[in-house]
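I opened this entry to record what I looked up in the structure, starting with one charged residue on the surface and ending with the chain as a whole.

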Amino acid sequence: MNYLTSICRTAVLGCIAATSLQSIAATEPRGYYATIYAQASRLGSTSFDENGNGGLGAGLTAKFDMGFGFGGDIGFRYGNGWAAEVEWNYRRHDLKSLRGPATAVNDGDFASNIFFVNGLRRFPSTSGGWTPYVGAGIGWVQEIDFDLNSPRRDRAWSKQGKMGLQLIAGAEIPMTKDWRLTADIRMLRLGSVELPAEEGVTGRLSKPDYNPVSVQLGLRRMF
C-alpha cells in the first residue's frame with residue numbers, strides 16, 4: 001500500500017508541476033524574433049574512398065581542425081512555450097590531414113550551407129530571467145562540398161539536396177526588453193554523404209561522414 005501511495009503522490013506532483021510550467025509558458029508574449037550568431041564547430045574524423053581520377057584511391061581517413069560557422073534565423077513565439085523558426089547556417093572545417101595508402105594531403109576543407117525549419121520548446125520563468133529551450137530541426141542542404149588544394153590543381157566534390165536533422169539545447173539570456181543573448185549546442189546529422197565530382201576531377205567520394213557538433217553564441221531581437 002505504501003508503494004502505491006508513493007506512486008500516486010509522485011504522479012500528482014508531476015501533474016501539478018506540468019500544469020504550473022504550462023501556466024508560466026502561457027504568460028510568454030507572442031511575437032516574432034530574429035537572430036544572428038557565430039559558432040565553433042567540431043567535425044570528427046571520417047573514412048571513405050575516392051572513385052575517379054583524383055589520385056587519392058581507397059582507404060582514406062580525413063581529420064579536421066576546429067571549424068567555424070555563422071548564420072541566422074527568423075522565428076515566432078506562440079505564447080504557450082512553443083516557437084518555430086527558419087534558419088540559415090554555413091559551416092567550414094579545415095582539413096588537418098588526409099591519409100591513404102598512397103596519399104598525404106594537408107590543405108583543404110569540408111563545408112556546408114544548409115537551411116533548417118526548427119521547432120523549439122521554451123521554458124520561461126516567472127522571474128523573467130534565463131529561458132532554457134530544447135528543439136529539433138529538419139535541414140535541406142543547399143550545398144556540401146569537400147575541397148582539396150595543391151600547387152598542381154584544385155579538386156572539389158559537392159552535393160545538393162540532401163536532408164539532415166539537428167538537435168538543439170540552449171538558453172536565451174535577457175539584456176534589455178527587446179534584446180537577448182543566446183547560447184546553445186547543436187548536433188547536426190547528415191550521415192554518410194555521396195559527393196560527386198565538381199571541379200578538377202571525375203567520379204565521386206564514397207562516403208565521408210558529416211556529423212558536426214557546434215557551440216554557438218547569438219544576438220536576438222524580439223519584436
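**Entry 1: an acidic patch**

I began with Asp107, whose relative accessibility of 42% makes it count as partly exposed. I kept in mind from the start that this is a predicted model. Looking for its place in the fold, I found Asp107 in the loop that runs between β6 (103–105) and β7 (108–122). I then asked which residues gather with Asp107 in a patch of negative charge on the surface. The patch consists of Asp107, Asp154, Glu198 and Glu199. Because a residue needs over 30% relative accessible area and no salt bridge to enter a patch, I noted the 42% of Asp107 as satisfying the area condition.

**Entry 2: salt bridges around Glu172**

I next turned to the salt bridges, of which I counted 12 in the model. The first pair I looked up was Glu172 with Arg122, where the closest N and O atoms are 3.1 Å apart. This pair links distant parts of the chain, since Glu172 sits in strand β10 (residues 163–174) and Arg122 in strand β7, with their positions 50 residues apart in sequence. I checked the accessibility of both partners: Glu172 has a relative accessible area of 3% and is buried, and Arg122, also at 3%, is buried.

Glu172 has another partner, for its side chain meets that of Arg220 in a salt bridge with an N to O distance of 2.7 Å. Here too distant parts of the chain are linked, with Glu172 in strand β10 and Arg220 in strand β14 (residues 213–222), 48 residues apart. I recorded Glu172 and Arg220 as both buried.

**Entry 3: a pair with partial exposure**

I then looked up Arg221 and Asp178, whose side chains meet in a salt bridge at 3.8 Å, N to O. Arg221 lies in strand β14 and Asp178 in the loop between β10 and β11 (179–189), so this pair ties together parts that are 43 residues apart in sequence. Are these two partners buried or exposed? I found Arg221 partly exposed, with a relative accessible area of 26%, and Asp178 likewise partly exposed, at 25%. Buried would require a value under 20%, so neither residue falls in that class.

I also followed the salt bridges that share partners, and these join Glu28, Asp73, Arg122, Glu172, Arg180 and Arg220 into one network.

**Entry 4: the surroundings of Ala84**

I moved on to Ala84, which is found in strand β5 (residues 82–100) and is partly exposed, with a relative accessible area of 28%. Leaving aside residues up to four places away in sequence, I listed its contacts as Tyr33, Ile74, Gly75, Phe76, Tyr78 and Asn118. For Asn118 I also noted the separation: Ala84 and Asn118 are 34 residues apart in sequence, while their C-alpha atoms are 5.6 Å apart in space.

**Entry 5: the chain as a whole**

To close, I looked up the totals, and the secondary structure came to 1 helix and 14 strands. Of the 223 residues of the chain, 41% count as buried. The chain exposes about 11500 Å², and carbon and sulfur atoms supply 61% of that area. Among contacts between residues at least 6 apart in sequence, I noted that 68% join residues at least 24 apart.

Technical notes: Residues numbered from 1 in each chain as written. Predicted model: local features only at pLDDT ≥ 70, side-chain atom pairs only at ≥ 80, totals over all residues. Heavy atoms only, no water. Patch = residues over 30% accessible without salt bridge, like charges linked within 9 Å, V, L, I, M, F, W, Y side chains within 5 Å. Areas by Shrake-Rupley, 256 points an atom, 1.4 Å probe, with all protein chains shown as cover. Salt bridge = Lys/Arg side-chain N within 4 Å of Asp/Glu carboxyl O. Lys, Arg positive; Asp, Glu negative; His and termini not counted. Charge placed at Lys NZ, Arg CZ, Asp CG, Glu CD. Helix = DSSP H or I, 4+ residues; strand = E, 2+ residues; numbered from the N terminus. Buried < 20%, exposed > 50% of the residue type's maximum accessible area, 1.4 Å probe, protein only. Contact = heavy atoms within 4.5 Å.
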